[in-house]
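Open the model in your viewer and get ready to select residues by number. We will go stop by stop. Each stop says what to pick and what is there.

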Amino acid sequence: MTRPVPMVEILRGDFVESRHEGHAAITSADGRIVEAWGDPGMVVLPRSSAKMLQALPLLESGAGADLSAERLALACASHSGERRHVSLVSQWLTDLGLDDSALLCGPQASRDREHCLWMDRVGKEVTRVYNNCSGKHAGFLALAKHLEAGLDYADPDHPVQRAVRQAIEETCDEESPGFGIDGCSAPNFAVSIAGLARAMARFASAGGRGGLRDIAMRKLVDAMIAHPNLVSGHGRACAALMASASEPLAVKTGAEGVYVAILPERKLGIALKIADGATRASEVAMAALLARLGAIDENHPLLSRDIRNWDGLVTGVVRPAAGLGTPPRG
């Protein structure tokens, strides 16, 4: 097994204080690894970076045939629990004849600071619809109802999750060795970094092959690109990267240092995993790889993030390890 390689470093003064190591792969639509760092065969839990894969059965089954681009984006989202996110998911549940209690993801406080403070002031209860995964779970509920299955959709043996596992294995072109239970209570099926990148490259090349899966992939990618602030939220890395890219781009973070990207114009997919699970490192590493490909500006703010002390002084910086964001010569 190839060891993880340095991907991100923390500089304080003239000293490299810490390093984050990881694995990454850039893959083409034919499954070929274009570039790799560390061990692309490393098996990981993709966490929320797999949400577009988890949404495929919603469209392939016909359950999502009439869904708006906003709802498709929310099905792929780790949203911030902003007013708009909550309103759109709540209306989706109402249209399904359900309410917040049908969600199995658990309650989570809004990540929107102003909205969270307002909720505290007025005594508004934190409910399940505020969970960052509530859009994905609304999609699971829509599929469960379409299949006339029970609403215990988070059970790994439920028809919804069997369809999700099949879609993941087929799209990653490998058998999943198993699963862990995600923060939202749904099973999260393990895949290799290369397999995850391969799936992203297939999303990137969708739109010309025909067939249900190709159409479903194209719709999900288009929805994510059209609605970056629904996929994540204002001020967060996913939205910032998509909004500032020099070409159409879909990116998705996952917990524990996982990140993926879909580049339709290049028909490339990217997947990475920071070994210690640090989000601060996965965001910088993804920005570096996108800059390496020319998809974002080489001076993008995410490529050099200041560390400030309690007095507001800049005391350090989080930056890519040497060479990560630099295009290869020749």
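How far apart are the closest N and O atoms in the salt bridge that Asp306 forms with Arg308? Select both residues and check. The gap is 4.0 Å. Keep in mind that this is a predicted model.

**Stop 1: the first salt bridge**

Stay on Asp306 and Arg308. Asp306 is partly exposed, with a relative accessible area of 45%. Arg308 is exposed, at 53%. Turn on a surface and look for both.

**Stop 2: a bridge across the chain**

Now select Glu9 and Arg319. Their side chains meet in a salt bridge, 2.7 Å from N to O. This pair links distant parts of the chain. Arg319 sits in strand 12, residues 314-320. Glu9 sits in strand 1, residues 5-12. The two are 310 residues apart in the chain.

Is Glu9 buried or exposed? Glu9 counts as buried, at 9% relative accessibility. Its partner Arg319 is partly exposed, with a relative accessible area of 31%.

**Stop 3: a network**

Select Glu60, Glu170 and Arg213 together. Salt bridges link these residues in a network. Zoom in on Glu60 and Arg213. Their side chains meet in a salt bridge at 2.5 Å, N to O. This pair also joins distant parts of the chain. Glu60 belongs to helix 2, residues 56-60. Arg213 belongs to helix 9, residues 212-226. They lie 153 residues apart. Arg213 counts as partly exposed, at 24% relative accessibility.

How many salt bridges does the count come to? It comes to 14.

**Stop 4: a lysine with no salt bridge**

Select Lys273. You will find Lys273 in strand 10, residues 268-274. Lys273 is buried yet has no salt bridge. Why not? The nearest side chain of opposite charge, Glu256, is 5.0 Å away, and a salt bridge needs the two atoms within 4 Å, so this pair does not count.

Now show the backbone of Glu256. The side chain of Lys273 reaches the backbone oxygen of Glu256 at 2.6 Å. Next, colour the residues that Lys273 touches. Among them are Glu21, Gly22, His23, Val44 and Ile193. Gly257 and Val258 are on the list too.

**Stop 5: paired strands**

Switch to a cartoon view. Select strand 1 and strand 2, residues 15-28. They pair in the antiparallel sense over 7 bridges. Find Pro6: it stands opposite Glu21 in strand 2. Strands 1 and 2 form a hairpin with 2 residues between them. Gly13, in the turn, has a positive phi of about 65°.

Which strands does strand 2 meet next? Add strand 10. Strand 2 and strand 10 run antiparallel, joined by 7 bridges. Here Ala25 stands opposite Ala271 in strand 10.

Add strand 3, residues 33-37. It runs antiparallel to strand 2, with 4 bridges between the two. Ala24 stands opposite Trp37 in strand 3. This hairpin has 4 residues between the strands, and Gly31 takes a positive phi near 90°.

Turn on side chains along one strand. In a regular strand the side chains alternate between the two faces of the sheet.

**Stop 6: a helix and its neighbours**

Select helix 11, residues 237-244. Which residues of helix 11 are buried? Ala237, Cys238, Ala239, Leu241 and Met242 are. These buried residues pack against helix 9, helix 10 and helix 12. They also pack against strand 8 and strand 9.

**Stop 7: two cysteines**

Select Cys133 and Cys184. Both sulfurs are on show. Why is there no bond? The sulfur of Cys133 is 4.0 Å from that of Cys184, its closest cysteine sulfur, which is too far for a bond. Cys133 counts as buried, at 4% relative accessibility. Cys184 counts as buried too, at 2%. A search of the whole structure finds 0 disulfides.

**Last stop: a buried serine**

Select Ser49. Its place is in the loop between strand 4 and helix 1. Ser49 counts as buried, at 0% relative accessibility. Show its contacts, including Leu196, Lys252 and Thr253. Gly254, Val258 and Val260 are in contact with Ser49 as well.

Conventions:
Residues numbered from 1 in each chain as written. Predicted model: local features only at pLDDT ≥ 70, side-chain atom pairs only at ≥ 80, totals over all residues. Heavy atoms only, no water. Buried < 20%, exposed > 50% of the residue type's maximum accessible area, 1.4 Å probe, protein only. Lys, Arg positive; Asp, Glu negative; His and termini not counted. Polar contact = N/O pair within 3.5 Å; in protein donor to acceptor, adjacent residues only side chain to side chain. Contact = heavy atoms within 4.5 Å. Pairing = 2+ DSSP bridges. Disulfide = S-S within 2.5 Å. Lists of a residue's contacts leave out its neighbours within four places in sequence.
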